[in-house]
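Student: I have a model open here and would like to know how the words used for it are justified. Could we go through a few of them together?

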Amino acid sequence: MSSDKKVLAIRREDYGTLWERRAPLNPTQVKTLVQDGVKVIVQPSSKRAYPMQEYLDAGACSSDDLTEASLILGVKQVPITQLMEKKTYCFFSHTIKAQSENMPLLDALLEKNVRLIDYEKMVDDKGFRIVGFSHMAGIAGTINILHGMGMRLLALGFHTPLMYIAAPHNYPNMAAAKEAVRKAGREIANGAMPAALGTLTFALMGAGRVSKGAQEVMAELPVEYVKPQDLKKVAQNGDLKKIYVSVVDAPDHLVRDDGRAFTFEEYFKEPQLYKSIFSKEFAPWVSCIINGVLWSYNHPRSLTTTDVKTLTSKDANQHPSLPHRLVAICDITADPGGSIEFLTDCTSIEQPFQLYDPTTGTFKDMKYSGDGVLICSVSNMPSQLPHDSTDSFGNMLSPLISDMLTSDASKPLEDEKSLNSVKSAIIVSNGKLTPPFEYIAKLRKENEQKS
């Protein structure tokens with residue numbers, strides 16, 4: 001092997017949940033790198049969705065020792081004890097909001113002079129993320145909530161074809177999961193929905209990758225898309241052989257008090273000028289809300305604690321056969337205290353659902369019967385479809401690998417000339433926070449003072 005041969009490593013995922021079976025690259029993507037002259041070392045793992053033998057057949061080497069690699073790829077955070085000095089790592093660090101649980105990791109990265117490239121901050125010229133699992137989260141989350149709604153509606157006295165949809169991790173791949181949704185859709189189209197239940201309406205909050213993933217699943221049902229302002233009409237007089245879906249993007253529900261038109265540029269600069277009308281104008285006619293919008297400080301929420309209490313009150317009931325029309329909420333962003341204010345914690349793959357009772361403000365784990373709204377907010381939804389998630393993620397990441405392989409964490413960052421496509425995502429290098437992320441130190445102090 002020549003001294004200038006590039007060496008990349010894929011580490012095993014050993015952080016967090018037992019469900020983490022994803023990898024940053026699949027064997028086919030590894031094979032392409034090997035053919036391009038890159039040595040790829042894969043740490044053996046019996047839990048990874050793609051078996052080790054497939055990586056070996058693709059030309060990779062198997063080793064627990066990753067010392068030879070200059071670039072080490074993972075998905076989740078790396079345990080502090082396993083960080084090696086002066087290496088370039090790439091993973092989701094969850095440090096950019098100065099998350100307290102990951103500040104020890106940040107300290108270790110600085111102490112060990114690690115160069116960290118964080119997938120979350122890989123963006124294009126317009127600031128849009130170019131690598132992530134958002135689309136797959138939208139797919140897995142929508143399958144989850146369709147499954148949950150089938151169970152919740154049964155508890156409310158209605159057998160529906162949604163009962164035949166299982167949680168996504170019960171299928172070998174996305175195609176099998178979508179086939180189950182398709183079969184349920186055929187039954188709905190054939191008139192299997194109970195007449196007393198009326199039509200089911202879905203609001204997809206946002207129009208980004210999460211929403212597009214949700215729409216990919218909804219396409220397997222007899223779906224009709226409607227404008228948000230038409231939700232009332234279809235909720236009252238819709239066709240029982242259809243499912244109605246409305247994509248509610250920011251301009252649809254964010255308004256200014258002075259009546260001036262919405263602009264994204266102004267909204268991102270001065271979000272406090274806007275308020276959401278979703279809860280009053282559209283939510284009363286929605287059976288299920290699927291949220292794909294991350295919330296930031298000063299931004300209006302899509303649904304506040306007060307809003308959901310009003311929507312589920314007896315005075316506001318807009319359904320003749322249910323306690324309230326709103327049956328379920330799926331927060332795919334898994335953002336506690338975010339767009340859906342009253343969601344204070346994430347659920348898990350083991351226990352994906354809770355019942356939230358707005359009158360008492362309490363949650364009940366894994367309950368389908370009782371008062372309230374079914375909640376799903378699984379924090380690692382793409383892990384439920386690990387093969388497809390790995391494939392999708394690797395397709396986005398692969399074009400950037402050659403650029404990332406030029407990184408030498410022992411050199412000053414300013415001397416690196418070939419990292420333009422990923423430079424915006426480098427959080428720490430040479431023992432320091434990079435200039436775009438120096439704010440983390442200040443935010444960390446503020447958070448510590450608050451606690």
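Student: Where does S302 lie in this structure?

Tutor: In this predicted model, S302 belongs to the loop that runs between β12 (288-291) and α11 (305-311).

Student: Why is S302 called buried?

Tutor: Buried means a relative accessible area under 20%. S302 has 6%, so the residue counts as buried.

Student: Which residues is S302 in contact with, leaving aside its neighbours within four places in sequence?

Tutor: Happily, that list is easy to check on your screen. S302 is in contact with M205, H253, S276, F278, S279, D307 and S339. Contact here means heavy atoms within 4.5 Å.

Student: Now for the whole chain. How many helices and strands does the protein have?

Tutor: There are 13 helices and 18 strands.

Student: What makes the protein as compact as a globular protein of that length?

Tutor: Set the two values side by side: the radius of gyration is 23 Å, and the globule rule gives 22 Å for 451 residues. The values are close, so the protein is as compact as a globular protein of that length. Along the principal axes, its C-alpha atoms fill a box of roughly 75 × 50 × 35 Å.

Student: What share of the residues counts as buried?

Tutor: With the under 20% cut-off again, 52% of the 451 residues count as buried.

Student: And what share of the contacts with a separation of 6 or more comes from residues 24 or more positions apart?

Tutor: Such pairs account for 68% of those contacts.

Student: How far apart are the mean positions of the positive and negative charges?

Tutor: The 50 positive and 53 negative charges have mean positions 2 Å apart.

Notes: Residues are numbered from 1 along each chain as its sequence is written. This is a predicted model: local features need pLDDT of at least 70, side-chain atom pairs count only at pLDDT 80 or more; totals for chains, interfaces and linings use all residues. Side-chain values use heavy atoms; hydrogens and water are left out. Helices (H or I, at least four residues) and strands (E, at least two) are DSSP runs, numbered from the N terminus. The radius of gyration is taken over C-alpha atoms; the globule rule is 2.2 Å times the number of residues to the power 0.38. Buried means under 20% relative accessible area, exposed over 50%, partly exposed in between (1.4 Å probe, protein chains only). Lys and Arg count as positive and Asp and Glu as negative; His and the chain ends are not counted. The place of a charge is taken as NZ of Lys, CZ of Arg, CG of Asp or CD of Glu.
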